[in-house]
Each structure stands twice: as C-alpha cells, then as structure tokens.
Amino acid sequence: MLIGEVARRSGVSARMLRHYESLGLVRPSGRTGSGYREYSGEDVRRIFHIESLRAVGLSLREIGRALDDPGFTPSDLVDDLIRRTRERIAAETELLTRLDRVHATDPAGWEDVLQVLAVLRALGSPSAGARQRAALAPVDEVPVEALVEAALDERDPVVAGALRWALARSDGSAALLAEGLGSPVPEVRERAVRSLAELPGGEAAPLLRDALASPDAVVRDRAALALGARGEAAATPVLVDMIVAGSNDTDAADALSVLAGDAAAADRIASLLVGRIGDGTTGPPARGRLTQALAGIPGPTASRALTGLLGDADPAVALTAAYLLGLRGDGG
C-alpha cells in the first residue's frame with residue numbers, strides 16, 4: 001500500500017507517517033519502481049500499535065522503546081504513566097475548582113476576577129498572617145466553598161477563628177461544613193462541628209442535632225454544647241453523658257442549667273441526673289460531678305434528690321449535697 005492509502009485506512013495523516021519514519025518508528029517495507037514508499041500489512045499493524053500507545057499517553061520515544069527493545073518491561077512505564085496521569089488530573093481538578101469559585105462570585109470585570117484569585121492564593125499561603133487577612137476580606141470576594149475548605153484544613157487557632165467568623169457572615173456554608181463531619185480525619189471533623197456551632201440562625205441546628213448521634217465523641221460533645229446554648233432539649237442526654245465521662249463537664253452542667261428554664265424541663269433534667277447517680281454503674285468521681293450538676297437545676301425534684309443524697313455512702317457526695325442544699329436556702 002502506498003502512503004495515501006495507509007493514511008486513509010489508519011486515520012493517520014501522511015505528514016504524521018513521514019514524521020514516524022523520520023524517527024525510525026515506522027520503516028516502509030519497500031519502494032515501488034517509481035520510488036514511492038510501500039507499506040506491508042505488518043507495517044500497518046505497527047502503525048496501529050503506535051496509535052494505541054499514543055492514546056494511553058506514551059511519548060513517541062517511549063513507544064519506540066516499547067516496540068523495539070526486547071528487554072523492555074512495560075510495567076514500570078505503565079506505573080509511571082499512571083502517576084503522571086494522576087498528577088495531571090489533580091492539577092486540572094484544582095484548576096477547575098478555582099475557576100468554579102471565581103465564577104460563583106459573578107465577577108463584573110477582570111479586576112474582580114484578579115481580586116478573587118488573589119484571595120484564593122492568600123487562603124492557601126504558608127503565611128498565617130496572609131491567610132487571616134484573606135479570611136477577613138469582604139464576603140463577596142471570598143467564595144464560600146474556599147472558606148469552608150480553608151476552615152476544615154486550618155491548624156493555626158487564630159486563623160481558624162477568623163475563618164469561622166467569616167463563615168458566620170457567609171451564606172450556604174452549613175451543608176458544606178456538614179460534609180466535614182464525615183471526614184476520616186478526626187481534626188477535620190472537630191473543625192467542622194466547631195464551625196457549625198458558630199453559625200447564626202437555624203440552618204445549622206438540624207445538622208447539629210444529627211451530629212448528636214456521631215460515633216465521634218468530640219463531635220457529639222461540641223454539638224451538644226452548641227445546642228444546649230440554643231435551648232435545644234435534644235442535647236440533654238449527651239450533656240449528661242459528658243458529665244459522667246468528665247468531658248467538659250463544667251460546660252455541660254452550665255448548658256443543662258440553661259435548658260432547665262421551666263419547671264417541667266428542670267424536673268426532667270433533675271430526674272435524669274438522679275437516675276445516673278443511682279444506677280449502680282456510675283463510679284464515685286462521676287457521681288460527684290452529677291451531684292454538683294444538680295446545683296444549677298431549680299425545682300423540687302433537684303431539691304429532693306439532694307436531700308436524699310445527704311446520707312449517701314460516699315462522703316464527698318453527701319457533703320456536696322449538704323453544701324448545695326444550704327445554698328438553695330428554701331429548698332427550691
């Protein structure tokens with residue numbers, strides 16, 4: 001076959017076939033009497049092999065080695081090709097993410113585009129000061145997705161606080177932060193729940209209620225404290241568990257006192273605390289913390305519980321109960 005027919009059958013241009021020949025990748029088996037290149041069926045098969053290897057990303061030099069070196073081992077080259085492909089995909093994914101974030105700000109002109117790009121670069125800066133300044137930029141200059149990503153990754157406590165403040169001023173961050181609660185990295189989960197806890201309004205509340213069932217104790221505890229401060233009774237069992245475990249127990253007791261704002265709620269919380277004191281499985285330190293927590297619970301149920309604890313076998317519990325009853329004065 002002449003070069004024109006090979007080009008039609010293979011889909012490779014005559015110019016490219018000549019380039020392959022100049023590199024030694026293809027050597028036509030013969031020439032016609034007029035001196036034209038003549039390709040055999042084996043030559044055409046080699047051309048198809050070259051195109052197949054190009055399609056998976058091999059360079060022409062690598063293709064030459066693959067086809068002509070008897071000692072060539074393709075596994076190393078394929079491993080390298082996989083690595084390079086992953087790096088290229090990661091770079092292109094990062095570029096696409098950056099473009100999406102610029103587009104989300106609806107820039108009116110190139111100045112706006114450049115401003116957003118500058119903020120995005122600053123959020124990824126190795127300088128904590130630069131990251132903090134980016135977090136404090138006007139809300140419309142910082143895509144919320146970039147703020148969430150930065151907040152979930154930030155290790156500097158000062159910068160992290162600035163990012164949470166920025167998120168509290170932004171719209172649409174709650175659902176993105178909730179995704180961080182499912183991260184395999186414990187630190188990311190903690191940053192996510194802390195950021196959710198500082199969001200104003202009701203958007204974060206259902207997500208925090210879901211977090212009460214998290215297998216991560218840190219997530220559960222932070223969600224419970226945030227909900228308790230908002231007056232959400234759903235946090236009560238977790239807050240009591242925190243007192244038993246000695247995990248931020250003082251904050252948990254304070255949150256319970258906030259939740260005990262009416263007589264019915266106070267009686268429910270007092271009963272729950274008393275039940276844990278007397279369930280037979282709670283150790284002395286935890287019983288002491290539960291007794292102290294009754295101090296912030298008004299109402300007759302808490303008073304009766306403290307009276308009943310005056311004769312407790314644990315002297316520390318009995319003394320605490322007596323002291324708290326003395327502070328209550330009228331028993332209520």
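Which residues does L239 touch, not counting residues up to four places away in sequence? Select L239 and its surroundings in this predicted model. The residues it touches are A224, L225, A252, A255, L256 and L259.

**Stop 1: L239 and helix α14**

L239 lies in helix α14. Its relative accessibility is 0%, and because buried means under 20% relative accessible area, L239 counts as buried.

Now extend the selection to the whole of α14, residues 236-245. This helix is mostly covered, with 7 of its 10 residues buried. Besides L239, the buried residues of α14 are T236, V238, V240, M242, I243 and V244.

To see what lies over them, display α13 (217-229), α15 (249-259), α16 (263-277) and α17 (284-293). These four helices are included in what covers the buried residues of α14.

Before leaving, select G246, which comes just after α14. G246 takes a positive phi of about 75°.

**Stop 2: from L239 to helices α18 and α19**

Draw a distance from the C-alpha atom of L239 to that of A321: the viewer should give 21 Å, for two residues 82 places apart along the chain. A321 is one of the residues of α19 that meet α18, and that pair is the next selection.

Select α18 (residues 300-308) together with α19 (residues 315-328). The two helices pack at an angle of about 140°, and their axes are 8 Å apart. That angle makes α18 oblique to α19, because only angles over 145 degrees count as roughly antiparallel. The crossing of α18 and α19 is left-handed.

Show side chains at the contact next. On the α18 side are A302, S303, L306 and T307, and they meet A321, L324, L325 and R328 of α19. Sorted by class, the contact of α18 with α19 has 5 nonpolar, 2 polar and 1 charged residues.

Within this contact, pick out S303, which is found in helix α18. Is S303 buried or exposed? S303 is buried, with a relative accessible area of 7%. The side chain of S303 is joined to that of R328 by a polar contact of 3.0 Å.

**Stop 3: helices α8 and α9**

Move to α8 (residues 144-153) and α9 (residues 157-168). How far apart are the axes of α8 and α9? The axes of these packed helices are 9 Å apart, and the angle between α8 and α9 is about 150°. The two helices are therefore roughly antiparallel to each other. The crossing of α8 and α9 is left-handed.

Color the contact residues: V144, L147, V148, A150 and A151 belong to α8, while L163, A166 and L167 belong to α9. By class, this contact has 8 nonpolar residues, with no polar and no charged ones.

**Stop 4: E92 in helix α5**

Finish with E92, whose place is in helix α5 (residues 74-104). E92 is partly exposed, having a relative accessible area of 48%.

For a last distance, select the C-alpha atoms of E92 and A234. They are separated by 44 Å, and the two residues are 142 residues apart along the chain.

Methods
Residues are numbered from 1 along each chain as its sequence is written. This is a predicted model: local features need pLDDT of at least 70, side-chain atom pairs count only at pLDDT 80 or more; totals for chains, interfaces and linings use all residues. Side-chain values use heavy atoms; hydrogens and water are left out. Axes are lines fitted to C-alpha atoms, for helices over the stretch in contact, and angles run from 0 to 180 degrees between N-to-C directions. Angles under 35 degrees count as roughly parallel, over 145 as roughly antiparallel, 65 to 115 as roughly perpendicular and the rest as oblique. A crossing is left-handed if the near helix is turned anticlockwise from the far one by less than a right angle, and right-handed if clockwise. Contact means heavy atoms within 4.5 Å. Ala, Val, Leu, Ile, Met, Phe, Trp, Tyr, Cys and Pro count as nonpolar, Asp, Glu, Lys and Arg as charged, and the others, Gly among them, as polar. Buried means under 20% relative accessible area, exposed over 50%, partly exposed in between (1.4 Å probe, protein chains only). A polar contact is a pair of N or O atoms within 3.5 Å; within protein, one must be able to donate a hydrogen and the other to accept it, and residues adjacent in sequence count only if both atoms are side-chain atoms.
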